[in-house]
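Ready for a few exercises with worked solutions? Take a look at the protein below, then work through the tasks one at a time.

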Amino acid sequence: MARTLKEALSNVLSAKELSNLYSSFDTIGDIIVIKVPDALQQRKRLIGQAILENLKPVKVVLMQKGPVSGEFRIRELEHLAGENRTTTIYKEHGCSFLVDVAKAYFSPRLSTERLRIANLVKPNERVLNMFAGVGAFSIIIAKAQPECKVVSIDVNPEAFRFAVQNARINKVAGRVNTILGDAREIIKSSDLGKFTRVLMPLPESASEYLDDAIFAVEPSGGWMHYYTHMHSENEDEATEQVESDLRARLNTNHEINLVKVVREVGPRWFQVVADIHLT
Ligand SMILES: C[S@@+](CC[C@H](N)C(=O)[O-])C[C@H]1O[C@@H](n2cnc3c(N)ncnc32)[C@H](O)[C@@H]1O
């Protein structure tokens, strides 16, 4: 049995073809999602079958047909081989997540970032996750810090449904309050209280929600973790640009403690996080 995609496809593709395919694929539980370049479309089922037969523990091979898009940040998928399903169980940092890769956003590529944030949370914090998806950040935080409380918001009813189940599966439902709705509306309209830490993991449009996040932070001070996408020549330029954009936007007392690239999301496109301390 092969251990890597390269080994699994070595009898089906040339080294050059393989490098194209290899650059972008995700393994989520027992589902693998691949992108198939136009030149290989004719052989997509053969590729799917070879992955299924040769790569453990893959039981489903899906092809991503377009970019992650729309308000719910989901992607169109085509079944290539294996069981015909899009749900799976994904394990990360001692937590299990029920995920439907077709109906709600989920990326295993944020794993290191989720743990980084969880390790920053102190006892008795109140954490707001404005764009929670299936609840991964929120649940990993609640598990890592048993004396904190988390509120998770998502506007996608499917993401909400999975986030509720995931809080139960991981036995943190008593401390993770999951809410369906638009983060801005919920922050404005309901009596949520204020938070020591606000997460904004919606890089495509988090900048539109900066004022809402600031409103949600405790008046005595707290943290914001702001995610954005930046197009630039290199990582240093990307972080410098994000920091200067934030300084121009933030009109409350603040310190920007860290700005770093989380991952590259395309040619010269970077996902950047800024840890902002409102004082
Ligand atoms: C990039 S995903 C979040 C990923 C998640 N934090 C994780 O670690 O898997 C962004 C999420 O924001 C949700 N969303 C988009 N606009 C929103 C809004 N205005 N209010 C609340 N949720 C929103 C989408 O449905 C999507 O699930």
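**Exercise 1: Where two domains meet**

Task: find the partners of the salt bridge that Asp26 makes, and describe the contact around it.

Step 1. The side chains of Arg109 and Asp26 form a salt bridge, with N and O 2.7 Å apart. (A salt bridge here is a side-chain nitrogen of Lys or Arg within 4 Å of a carboxyl oxygen of Asp or Glu.) Keep in mind that this is a predicted model, where local features need pLDDT of at least 70, side-chain atom pairs count only at pLDDT 80 or more, and totals for chains, interfaces and linings use all residues. Residues are numbered from 1 along each chain as its sequence is written, and side-chain values use heavy atoms, leaving out hydrogens and water.

Step 2. Now place the two residues: the domain assignment (automatic or from a database) gives domain 1 as 5–85 and domain 2 as 104–278. Between these domains the count is two salt bridges.

Step 3. Next, the area. About 840 Å² is buried between domain 1 and domain 2, and carbon and sulfur atoms give 59% of it. (Buried area is the accessible area, with a 1.4 Å probe, that two parts lose on being put together, summed over both.) On the domain 1 side, Asp26, Phe72 and Arg73 lose the most area to domain 2, together 55% of what that side buries.

**Exercise 2: Around the ligand**

Task: which atoms of Val155, Asp182 and Ala183 does a ligand nitrogen approach?

Step 1. Start with the side chain: an N or O atom of Asp182 sits 2.6 Å from a nitrogen atom of the ligand.

Step 2. Then check the backbone. A polar backbone atom of Ala183 is 2.8 Å from a ligand nitrogen, and for Val155 the distance to a polar backbone atom is 3.2 Å.

Step 3. Finally, ask how covered the ligand is. Taken alone it exposes 600 Å², and the protein buries 98% of that. (These accessible areas come from the Shrake-Rupley method with a 1.4 Å probe; for residues, only the protein chains shown count as cover.)

Conventions
Polar contact = N/O pair within 3.5 Å; in protein donor to acceptor, adjacent residues only side chain to side chain.
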